[in-house]
Amino acid sequence: MFFPPARWPNFLCVCSVFSSGSVQLHWSQWPPSKNDTTPKWFCTSKGLLGCGPSGIMAGDAIITDSGAMHVAGVPIVNPSTIVVWEVTPGPGNGFQVAPKTSTTCAVPPLSPPNWAGFAPLAAYLFSWQDYLLSEAKQGKKQTDQNLLDAVPLYCSPVSNFSAYVSPEAAAQSAATTTWGSGVTAVAFDPTRAGSVIAVVIVEGQYMSPYDPDEGPSITGWRVQRWESSLQHVVLHPIFGNPTSSMGGQSPMQTVWQSKVDLSITPTNDFKSHQSPATGMTSDVQKVSEAGSDKSTRVNFDPFDLPSDVRTLARVVYSAHGGEIAIAFLRGGVHVFSGPNFTPVDNYQINVGSAIAAPAFSSTSCCSASVWHDSSKNCTILRIIRVLPPSIPISQVKANSSTWERAIAERFWWSLLVGVDWWDAVGCTQSAAEDGIVSLNSVIAVLDADFHSLPSIQHRQQYGPVCYC
């Protein structure tokens, strides 16, 4: 989760989004106690998202520029819709359980003066933290159940949009809410404060219309990138002038627009983790081929289904949002770069009925996947170079300056945010050995950037690091 520094301090807070359709926060004591080596943890009660009794398919959370916490989820009852909720302090409109405590003391206020200047939700958590610590000092111990009921949350929808689902998949999901179709994974871009969401759609069917004995199948994947913006609400003149009732301000609404829409054909060859995944195809080709060619489908044995049928894919963003990895069920991994989701690499690993979600390194120059190979009875670690990617020899000279500049930018980014840059160095050496970049050219780019810094203070700050 990305915390803007202005209204959220740098403290550890975990937002758990449950498939049942609720949200819960756990946070570590802040500021840390100087006398206690073991940090204390606190938690809220579960706030209901209000997505129906079936829960949600997938979810993610982020802190916006205004300091609000937003949660994106996909209701199972409507698997083509992404809903964004805002998590706010308190029990809300009274439909949730009122806060309970085991003492007679008043609960802390929603806007405590001790935490002025912080986002309302952060101030709310710290106010409850102070209250519970003061209760503990007085010898009034809270039971686990009382703590769970003490700090309520309220979730209200703020926007939504419908991602594309094929007519066949939509008809199937209307008959039964199964895992055969719809949005299966969502993720906020960690650097865009809730205004960009990546979406993964699985298209398939729970039962084949051609062969009822045939198990579930996946006919294709779609990867989309959506951006939101505030736009004026257009009202019919019959409703009069809306600004008169809103303090002179015209009403605004959040509008989501699809900026990237890629199609990926699944593969049914999982016998070797070295088997390459099928590349991307155009939307027209996918639609025309998916319904006619059964070889492009991934078929599953009904008696060997994944343990969690709600999750068929995962989305992993790099820390700076420059790269994104999409990991599919049964070992397919696709890595994209940039806002247009430019393909970087794709590979297939043998993980059985599981997902091998990769983890990016500090500057996302490389990524790693870990899985257990049951046939060899061993755990395998695979690390791939993301930047620069492996490219044909014919493109090496044409792209060498582009990759050298990209490596330099990753290096500078690591210095600015204070993360390790070992992966940038290692990938530069690896790419130089492959003839994609020149090590001397990368050093020359960094040297030119260093001497173009605006002041002597900047050069004194970064000089020892650059030339260590």
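Which side chain makes a polar contact with the side chain of Ser364? In this predicted model, the partner is Glu323, and the two side chains come to 2.6 Å in that polar contact. As for where to find Ser364, look in the loop between β19 (359-360) and β20 (366-373). Loop or not, Ser364 counts as buried, because its relative accessibility is 0% and the cut-off for buried is under 20%.

Let's stay with serines for a moment and jump to helix α5, which covers residues 396-417 and holds Ser414. Ser414 is also a buried residue, since its relative accessibility comes to 1%. Its side chain has a backbone partner: a polar atom of that side chain lies 2.5 Å from the backbone oxygen of Phe411.

Helix α5 is worth another look for its charged residues. Arg405 forms a salt bridge with Asp449, with 3.0 Å between the closest N and O atoms. Arg405 lies in α5 while Asp449 belongs to helix α7 (residues 439-451), so this pair ties together parts that are 44 residues apart in sequence. The two ends of the bridge fall into separate accessibility classes: Arg405 is partly exposed because it has 33% relative accessibility, whereas Asp449, at 16%, counts as buried.

How many salt bridges does a search of the whole structure find? The count is five, and the Arg405 and Asp449 pair is one of them. Another joins the side chains of Asp261 and Arg222, at 2.9 Å from N to O. Here the link runs between strands: Asp261 sits in β12 (residues 252-264) and Arg222 in β11 (residues 217-232), so parts 39 residues apart in sequence are tied together. Arg222 is the buried end, with 3% relative accessibility, and Asp261 is partly exposed at 30%.

There is also a salt bridge between Arg225 and Glu227, whose closest N and O atoms are 2.5 Å apart. Once more the arginine is buried, with a relative accessible area of 4%. Glu227 has a relative accessible area of 22%, so it is classed as partly exposed.

Now for the sheets. Take the open one made of four strands, which are arranged in the order β15-β16-β17-β18 and pair in the antiparallel sense. Its edges are β15 (313-317) and β18 (342-348), each of which pairs on one side only. On average, and with direction ignored, neighbouring strands in this sheet are turned by 15° against each other. If you zoom in on the β18 edge, you'll find six bridges joining it to the antiparallel strand β17 (residues 332-337). For a landmark, try Phe336, whose bridge partner in β18 is Pro343.

Carry on past β18 and you get to Asn350, in the loop between β18 and β19. Asn350 is partly exposed, because its relative accessibility is 22%. Along the chain, Asn350 and Ser374 are 24 residues apart, and in space their C-alpha atoms are separated by 9.2 Å.

Finally, go back towards the start of the chain, where β1 (residues 13-18) includes Val14. Which strand does β1 pair with? The partner is β2 (residues 22-28), and the two run antiparallel with six bridges between them. Within this pairing, Val14 stands opposite His26 of β2. The strands make a hairpin with three residues between them, and Gly21 takes a positive phi near 100° there.

Val14 deserves a second mention for what its side chain does at the surface. With a relative accessibility of 37%, Val14 counts as partly exposed, because that value falls between the cut-offs of 20% and 50%. Together with Leu12 and Trp41, Val14 forms a nonpolar patch on the surface, and the three residues have about 290 Å² of accessible area together. So what might you select on screen for this last stop? Pick Leu12, Val14 and Trp41 for the patch, then add His26 to show what stands opposite Val14 in β2.

Definitions and conventions
Residues are numbered from 1 along each chain as its sequence is written. This is a predicted model: local features need pLDDT of at least 70, side-chain atom pairs count only at pLDDT 80 or more; totals for chains, interfaces and linings use all residues. Side-chain values use heavy atoms; hydrogens and water are left out. Patches are made of residues with over 30% relative accessible area and no salt bridge: like charges are joined within 9 Å, nonpolar side chains (Val, Leu, Ile, Met, Phe, Trp, Tyr) within 5 Å. Accessible areas come from the Shrake-Rupley method with a 1.4 Å probe; for residues, only the protein chains shown count as cover. A salt bridge is a side-chain nitrogen of Lys or Arg within 4 Å of a carboxyl oxygen of Asp or Glu. Buried means under 20% relative accessible area, exposed over 50%, partly exposed in between (1.4 Å probe, protein chains only). Two strands pair if DSSP finds at least two bridges between them. Axes are lines fitted to C-alpha atoms, for helices over the stretch in contact, and angles run from 0 to 180 degrees between N-to-C directions. A polar contact is a pair of N or O atoms within 3.5 Å; within protein, one must be able to donate a hydrogen and the other to accept it, and residues adjacent in sequence count only if both atoms are side-chain atoms.
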